Amino acid sequence: MIENVIETTENCRYCLMCRHVCPVGHVTRKETLTPHGWGLTIASVRRGIIELDEDIVDVIYSCADCGTCRANCVTDQPLPSAIVAMRAEIVSQGLAPPAAYEVHEKLQNWGNPYGPEVPNGNGGQGEVALFIGDDAHFLGSEMLGSVLSLLEVVGVRPVPIGIGRNNGYLASSLGFPETAANLAQATLDELETIGAKSMLVLTPGDYYAFRQLHEERLGMEWPQEVGLLEVVPFLAEQMQAGNLAFKQGDDQTPYAYLDPTHAIRISTRHEAPRRLLAAVMQAPVTELFWRRERAHPSGNVALQYTQPHIANHLTYSRLGDALERGVRLLITEDPGSLAQLNRHADRFGLRTQNLYELLADHLA
Ligand code: SF4
Ligand code: SF4
């Protein structure tokens, strides 16, 4: 756990070095809503220079908790975690935006923000678990058959766990660390019950939550004896080893790979989805401007509940980036990112495609 993480704001309040990459600063063009703006606001509240009124709470709840600042910080300052720590203080004073409490109640009661369906294991036992989570269960269940088909080819038959349960990110991001820890613990308990030696996850957001967020923000270490792998890099490795092959399609639509929300937090994963895409698409991938180590998030962050207009603009910005590059098709594996893109893609004349489904359709 990072001790006194909120002190990070002292380092960030007069630093401009990551200002140009912050997606919220980019879409709002407000200086307050940039990394040093949040640093200075929080440091000023803590000094008693400004009051924690509704406007200031709104400012503190306007950061996307996307990790772009930290990924571009030469001293690896955990500013997003510091902002989230300030939100936890705001929650403890009962001053958070009403939407934060509404989502929190759903997370407490159902383990997800979508519907009254409490996560339930399927009772299986096995060496490999597949964390499904809430986004894949509620927003992208069609892709799960494709994921299982792809894994089956390389001899992996995982036991699905965490079906419909949030990975803890959302509760943490809204300022409810205890609920985040309860959700994380529920998945760890399930993992132990099935006796898995490794767990696969479907998105970089899940990987970030289990590998880093739980330890840094909640003080919960991932069990060392259990491997943790993201499915897309795993499939790319299997393809390279000759265990997985695809046939190329004939779709000539100009396309781009959209780095999912939180992909920026996993610096080693950027090449894998592009290698897989090159195996199934005829045309070379077009790169968006905000990609790889400077990838911006879509609106599938806590902002979609507390500041939906900013979340929408994050998604418009992703779609606008694609349009400017002459792209007509956006491909990604993250059901949360896809759900946000799909709400607005028509207006931009774009279509989207789930990467897992595309790959499964092109198995050799
Ligand atoms: S995260 Fe790093 S680069 Fe960004 S404001 Fe803080 S110290 Fe500066
Ligand atoms: S987490 Fe994202 S939105 Fe928040 S300050 Fe950093 S880059 Fe900006």
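In what sense do β3 and strand β4 pair, and over how many bridges? Let's start there, and keep in mind that what we're looking at is a predicted model.

So, β3 and β4, the latter covering residues 227-230, run in the parallel sense, and four bridges hold the pairing. If you want to find that spot on screen, look for Ser198, which stands opposite Gly227 in β4. To get from β3 to β4 the chain passes through α12, and this β-α-β crossover is right-handed.

Now step to another partner of β3. Strand β1, residues 128-132, pairs with β3, residues 198-201, again in the parallel sense and over four bridges. Here Ala129 stands opposite Met199 in β3.

Stay around here for a moment and look at helix α13, residues 231-240. Its buried residues are Val231, Val232, Pro233, Leu235 and Ala236. What lies over them? The cover includes α9, α14 and the two strands β3 and β4. After α13 comes Gly242, and its phi is positive, near 85 degrees.

Okay, on to another set of strands. β5, residues 255-257, and β6, residues 329-332, pair in the parallel sense over three bridges. Tyr257 is the residue opposite Ile331 in β6. β6 also pairs with β7, residues 351-354, in the parallel sense, and this time there are four bridges. In that pairing, Thr332 has Asn354 of β7 as its bridge partner. Put helix α17, residues 335-344, between β6 and β7 and you have a right-handed β-α-β unit.

Let's zoom in on α17. Pro335, Gly336, Ser337, Leu338, Gln340 and Leu341 are buried in this helix. Those buried residues pack against β6 and β7, and also against the helices α8, α9, α12 and α16.

I picked one residue from that helix to follow: Ser337, in α17. Why does Ser337 count as buried? Because it has 30 C-beta neighbours inside 10 Å, and the cut-off for buried is 20 or more. Leaving out residues up to four places away in sequence, Ser337 touches Leu258, Pro260, Thr261, Ser298, Asn300 and Thr332. Thr332 is the β6 residue we just met, the one bridged to Asn354. For a sense of scale, Ser337 and Leu40 are 297 residues apart along the chain, and their C-alpha atoms are separated by 30 Å.

Next, the core. The largest nonpolar core has 101 residues, and the ones that touch the most other members are Ile42, Ile83, Ala129, Val201, Ala256, Leu330 and Ile331. A couple of those should sound familiar: Ala129 from the β1 pairing and Ile331 from the β5 pairing. Take Ala256 as an example. Not counting residues up to four places away in sequence, Ala256 touches Val285, Thr286, Glu287, Leu288, Ala322, Arg325, Val327 and Leu330.

Last stop, the ligands. Ligand 1 is surrounded by 13 residues, and Cys12, Cys15, Met17, Cys18 and Cys73 are the closest. The elements that give two or more residues to this shell are α1, α3 and α5. By class, the shell has eight nonpolar, four polar and one charged residues.

And ligand 2? It has 14 residues around it, with Cys22, Cys63, Cys66, Thr68 and Cys69 the closest. Here α2, α3, α5 and α6 each give two or more residues. The classes around ligand 2 come out as 11 nonpolar, two polar and one charged.

That's my tour, thanks for listening.

Key:
Residues numbered from 1 in each chain as written. Chains lettered and ligands numbered in written order. Predicted model: local features only at pLDDT ≥ 70, side-chain atom pairs only at ≥ 80, totals over all residues. Pairing = 2+ DSSP bridges. Right-handed = clockwise from strand over helix to strand, strands pointing away. Near = placed C-beta within 6 Å. Nonpolar A, V, L, I, M, F, W, Y, C, P; charged D, E, K, R; others polar. Core = buried A, V, L, I, M, F, W, Y, C linked by C-beta atoms within 7 Å. Buried ≥ 20, exposed ≤ 12 C-beta atoms within 10 Å, placed from the backbone. Contact = placed C-beta atoms within 7 Å.
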